[in-house]
Amino acid sequence: MSGWAKKRFWKETAYEASDGGFKVLLDGRGVKTPAKASLVVPTKAMAKAVVAEWDAQEGEIDPTGMPVTRSVNAAIDKVAVQHAEVADMLAEYGGSDLLCYRATTPEELIARQAEAWDPLLDWAAETFDARLKPVAGVMFEAQDADALSKLSAKTHDFDNFELAAFHDLVGISGSLIIGFAATRDLHPIETLWNLSRIDEQWQEDQWGRDDEAAEEAEKKKQAFFHAYSFFNLSKS
């Protein structure tokens, strides 16, 4: 949020319909993004969430307490100006999706991965007509080009705000398919998070909890949950 005021200077926070969306206002003046674009969001629910974040600021402005505003800025200043490039980058996850790379030992982990991840691959095949195949080991193996093309097209279909959320759903989980599953509410978001953590949970079961790793995982979990919430705000 470089370039923004460091202290609260406004008294009233509000929103109004504008440019096919909703503009956030501070004392009647429209908020700007860090890149000086007008902060206009697609839904009333998102506008209300941004207004609530700004209204909660007292004294020093704390950007870390404004996650919706930060995601809006990313959608406007970053995704909107390179939508195709962002979509292409995310679609590439399909070629090396977390769900496709399986352990070769031990049998218990192999079974745990199959039980957790095979249904997600089946769901993607049925929903998008895009079958990704699991492979044993970590050596790269190309996926079906037609399947990847279909998943890429679906990725490009997201608007700027949806794609900003999808970026984190995919990037944090390491899985294009889990990202899509979150946008379609295939499972509760906590279930999808746990499905993305099969390998980490296995390590913890074998060797015990690592406090530093657990703290980092919690940060990622909260970011994953926020991305899901932001995606839903974009279409409310």
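At the start of helix α7, S175 does a bit of local bookkeeping: one of its side-chain oxygens comes to within 3.3 Å of the backbone nitrogen of I177. The model is a predicted one, and α7 is a handy place to begin reading it. The helix covers residues 176-183, and eight of the eight are buried, so α7 is largely enclosed by the rest of the structure. The buried set runs through L176, I177, I178, G179, F180, A181, A182 and T183. As for what does the covering, the list includes α3, α4 (107-128), α5 (145-156), α6, α8 (189-195) and α10. Just after the helix, D185 takes a positive phi of about 55°.

Helix α2 (residues 67-79) also has plenty tucked away: V68, T69, S71, V72, N73, A75, I76, D77 and V79 are buried. Their packing partners are β4 (40-41), α1, α3 (83-91), α6 (160-173) and α10.

Helix α10 turns up again in a pairing with α1. The axes of α1 (residues 44-55) and α10 (residues 211-234) come within 7 Å and cross at roughly 130°, which makes α1 oblique to α10. On the α1 side the contact is made by A45, M46 and A49, while α10 brings F230, L233 and S234. Sorted by character, the residues of this contact are five nonpolar, one polar and no charged.

Turning to charged pairs, the count comes to 12 salt bridges. One of them joins E190 to K221, with N and O 3.0 Å apart. This pair ties together distant parts of the chain, since E190 sits in helix α8 and K221 in helix α10, 31 residues apart. The two ends differ in their surroundings: E190, at 37% relative accessibility, counts as partly exposed, whereas K221 is buried at 16%.

Elsewhere, E141 and K133 meet through their side chains at 3.3 Å, N to O. Here E141 is partly exposed, with a relative accessibility of 35%, and K133 is partly exposed too, at 36%. R209 and D211 form another salt bridge, their closest N and O atoms being 3.3 Å apart. R209 is exposed, with a relative accessible area of 58%, and D211 likewise counts as exposed, at 55%. Finally, R8, D55 and E58 are linked in a network of salt bridges.

Technical notes: Residues numbered from 1 in each chain as written. Predicted model: local features only at pLDDT ≥ 70, side-chain atom pairs only at ≥ 80, totals over all residues. Heavy atoms only, no water. Axes fitted to C-alpha atoms, helices over the stretch in contact; angles between N-to-C directions. Helix = DSSP H or I, 4+ residues; strand = E, 2+ residues; numbered from the N terminus. Parallel < 35°, antiparallel > 145°, perpendicular 65-115°, else oblique. Contact = heavy atoms within 4.5 Å. Nonpolar A, V, L, I, M, F, W, Y, C, P; charged D, E, K, R; others polar. Buried < 20%, exposed > 50% of the residue type's maximum accessible area, 1.4 Å probe, protein only. Polar contact = N/O pair within 3.5 Å; in protein donor to acceptor, adjacent residues only side chain to side chain. Salt bridge = Lys/Arg side-chain N within 4 Å of Asp/Glu carboxyl O.
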